[in-house]
Amino acid sequence: GVDVGFENPIFACIEVDYEDQDPEQDDIKKQLTFYELDLGLNHVVRKWSDPIDPTANKLISVPGGTDGPGGVLVCAENFIYW
């Protein structure tokens, strides 16, 4: 979960679309995708998606608020992205 204060909750995940992947190639295309839970309508909406490093394997939520910007740390092999 991403820190959004009192707004609708947002969740981040790493996704791979296996339909677009070629089994003969090792080039995996991963996406960092954000979903929003609309509390008024009680359903989940896919908000946005960004390509990330193919070695990414873990997400860490960074709290925000008055102390600074929040977000998600993406942990990949030898790198951490914000």
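The legends below describe close-up views of a predicted model.

**View 1. The whole chain is built from strands.** In this predicted model, the chain contains six strands and zero helices, and reading along the sequence gives the pattern β-β-β-β-β-β. Of the 82 residues in the chain, 20% are buried, and the accessible surface comes to about 6200 Å², with 54% of that area belonging to carbon and sulfur atoms. When contacts in the chain between residues at least 6 apart in sequence are considered, 30% of them join residues at least 24 apart.

**View 2. An open sheet is formed by β1, β2 and β3.** These three strands are arranged in the order β1-β2-β3, and their pairing is antiparallel. The edges are taken by β1, which covers residues 10-16, and by β3, which covers residues 43-52; each has a single partner strand, so one side of each is left without a neighbour in the sheet. From one strand to the next, the twist averages 25°.

**View 3. Strands β1 and β2 lie side by side in the antiparallel sense.** Seven bridges join β1 to β2, the strand made of residues 30-38, and the two run antiparallel. Two positions help the reader to follow this pairing: V16 has K30 of β2 as its bridge partner, while I14 stands opposite L32 in β2. L32 is also one of the residues of the largest nonpolar core, which is the subject of a later view.

**View 4. Strands β2 and β3 form a hairpin.** The pairing of β2 with β3 is antiparallel and extends over nine bridges. Along this pair, Q31 stands opposite P51 in β3, and the bridge partner of L37 in β3 is V44. The hairpin has four residues between the strands, and among them N42 takes a positive phi near 60°.

**View 5. N42 sits in the loop between β2 and β3.** This residue lies in the loop that separates the two strands, and its phi is positive, at about 60°, although N42 is not a glycine. With a relative accessibility of 65%, N42 counts as exposed, because the cut-off for that class is over 50%.

**View 6. A second open sheet is formed by β4, β5 and β6.** Its three strands follow the order β4-β5-β6, again with antiparallel pairing. The edge strands are β4, at residues 58-62, and β6, at residues 79-81, and each of them pairs on one side only. The twist from one strand to the next averages 25°. Between β4 and β5 the antiparallel pairing covers five bridges, and within this part of the sheet K58 stands opposite C75 in β5.

**View 7. N78 sits in the loop between β5 and β6.** Like the earlier loop view, this one centres on an asparagine: N78 is found between β5 and β6, and it has a positive phi of about 70° although it is not a glycine. The relative accessible area of N78 is 71%, and the residue is therefore classed as exposed.

**View 8. F79 and Y81 form a stacked aromatic pair.** The structure holds two aromatic pairs, and one of them joins F79 with Y81, whose rings lie 5.9 Å apart from centre to centre, with 25° between the planes. The pair counts as stacked because planes under 30 degrees apart are placed in that class. F79 is partly exposed, with a relative accessible area of 49%, and Y81 is also partly exposed, with a value of 35%.

**View 9. Nine residues make up the largest nonpolar core.** The members of this core are V2, I10, L32, F34, I52, A56, V72, V74 and A76. Two elements, β2 and β5, each give two or more residues to the core, and β5, which spans residues 71-76, supplies the largest share, three residues. In soluble globular proteins, nonpolar side chains tend to be buried together.

**View 10. The contacts of V2 reach several parts of the chain.** Leaving aside residues up to four places away in sequence, V2 touches I10, A12, F34, S61 and V72. Of these neighbours, I10, F34 and V72 belong to the largest nonpolar core together with V2 itself.

Terms used: Residues are numbered from 1 along each chain as its sequence is written. This is a predicted model: local features need pLDDT of at least 70, side-chain atom pairs count only at pLDDT 80 or more; totals for chains, interfaces and linings use all residues. Side-chain values use heavy atoms; hydrogens and water are left out. Buried means under 20% relative accessible area, exposed over 50%, partly exposed in between (1.4 Å probe, protein chains only). Contact means heavy atoms within 4.5 Å. Accessible areas come from the Shrake-Rupley method with a 1.4 Å probe; for residues, only the protein chains shown count as cover. Two strands pair if DSSP finds at least two bridges between them. Axes are lines fitted to C-alpha atoms, for helices over the stretch in contact, and angles run from 0 to 180 degrees between N-to-C directions. Rings of Phe, Tyr and Trp (its six-membered ring) pair if their centres lie within 6.5 Å; planes under 30 degrees apart count as stacked, over 60 as edge-to-face and the rest as tilted. A nonpolar core is a set of buried Ala, Val, Leu, Ile, Met, Phe, Trp, Tyr and Cys residues joined through side-chain atoms within 4.5 Å.
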